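Biologist: Please take a close look at a single part of this model for me. I would like to know where it sits and what surrounds it.

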Amino acid sequence: MINKNFWKGKRVLITGHTGFKGGWLSIWIKNLGAQVIGYSLSPITKKNFFNETKIKKIFEKDYRKNIQNINDLEKCISTYKPQIIFHLAAQPQVLESYIQPLDTVRTNVTGTTNLLEIARKKNFVKSIIVVTTDKVYKNLEKNNRFKENSCLGGDDVYSASKASADLITLSYIKSFFNNSVCNVATARAGNCIGGGDWTKFRILTDSMQAFLNNRKLVIRNPKAKRPWQHVLEPLAGYILLAQKLYGKQGFKFSGAWNFGPKRQNHLTVMRFAKVIRSKLNSKSKILIERKKDKREKMSLDLDSKKANRKLKWKSFLNLNKTISLTTDWYLANKQKKDMFKISLKQINDFMNSFNKL
């Protein structure tokens, strides 16, 4: 179970707190009773989850610093002495890595190394979750289900940088955290959707902008199949994992973990767009870009049996519920409702269901 008593009063650092995933996690952890410190650059899009939910007020400290700067990060960690760290700060996009390859590597690889190098010298840090991605695996498009011990790799700079961050973390675990008071894990999740994601190059963002404004939607790879899951599902896994890592037996949970959806939630990009259009009662046209974009993989599938077995975590939202939660959030936002309350209600409803599984 996600245990409120465990989190009450805990000092928690969340890097990437101004991002989509980091914002949802910040509200959830604060609602569990923790003291939350955020460390990130400012939101990268004009509209964003952080500002739409007005969550700046929930943080003990809201650092707007670059994870690439080890001195600034060290000052933050030394000052606030977090017991638990969720590392989500990253350049999170495949296509952006073609535009900014060097910055992608500096953020995803050097930034992660900076965090681990600081944390290994601090005896107050008890558990660290380094969030990577399902794209860390060497994907030869053979319809394999990737397990945690599958070969890592990456044909694009983003995937390679996240695979590198994952490998760096696993090497730090063996080199420095084996007999430490701190236990460390990496978390690899599928295609997360949910309210408040306006990141460019994403089908959800493009779909919402088109269908809510009666504009046409142009998609790049209509036949690409993605493992869709609501953002709260992997976040529940991260929270459970952080609880397990904390304490004397936490070393048993160090290492890599997959948090992917059931295969019933795998859907082509075209079908996904049509379902969203239907949910929003939109009449917008869906067009296919003539030139095929070969920079992204066509399929990806995670094996999450380890998390099912050892953490008692499972992906339980069906695709209809996953998309409904997402479209409901965007419709409420368009109607200028209190998005903090809407988000918190979705979190509490989800957690109540999750803890009954």
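The part in question is one aspartate, followed by the cysteines and the chain as a whole.

Biologist: Where is Asp134 found, and which residues is Asp134 in contact with, leaving aside its neighbours within four places in sequence?

Modeller: The model is predicted. Asp134 lies in the loop that runs between strand S5 (127-131) and helix H7 (157-176). Its relative accessible area is 1%, and a residue counts as buried when that value is under 20%, so Asp134 is buried. The side chain of Asp134 makes a polar contact with the side chain of Thr133, at 3.2 Å. Leaving aside neighbours within four places in sequence, Asp134 is in contact with Arg188, Ala189, Gly190, Asn191, Pro227, Leu300 and Leu302.

Two cysteines are buried as well: Cys76 has a relative accessible area of 1%, and Cys182 has a relative accessibility of 1%. The cysteine sulfur closest to that of Cys76 is in Cys182, 15 Å away, and this is too far for a bond, because a disulfide needs the two sulfur atoms within 2.5 Å. Cys182 is therefore in no disulfide, and the count of disulfides is 0.

As for the setting, the chain has 13 helices and 12 strands. Its radius of gyration is 19 Å, close to the 21 Å that the globule rule gives for 357 residues, so the chain is as compact as a globular protein of that length. Buried residues make up 57% of the 357 residues. Among contacts with a separation of 6 or more, 81% join residues 24 or more positions apart.

Definitions and conventions
Residues are numbered from 1 along each chain as its sequence is written. This is a predicted model: local features need pLDDT of at least 70, side-chain atom pairs count only at pLDDT 80 or more; totals for chains, interfaces and linings use all residues. Side-chain values use heavy atoms; hydrogens and water are left out. Helices (H or I, at least four residues) and strands (E, at least two) are DSSP runs, numbered from the N terminus. Buried means under 20% relative accessible area, exposed over 50%, partly exposed in between (1.4 Å probe, protein chains only). A polar contact is a pair of N or O atoms within 3.5 Å; within protein, one must be able to donate a hydrogen and the other to accept it, and residues adjacent in sequence count only if both atoms are side-chain atoms. Contact means heavy atoms within 4.5 Å. The radius of gyration is taken over C-alpha atoms; the globule rule is 2.2 Å times the number of residues to the power 0.38.
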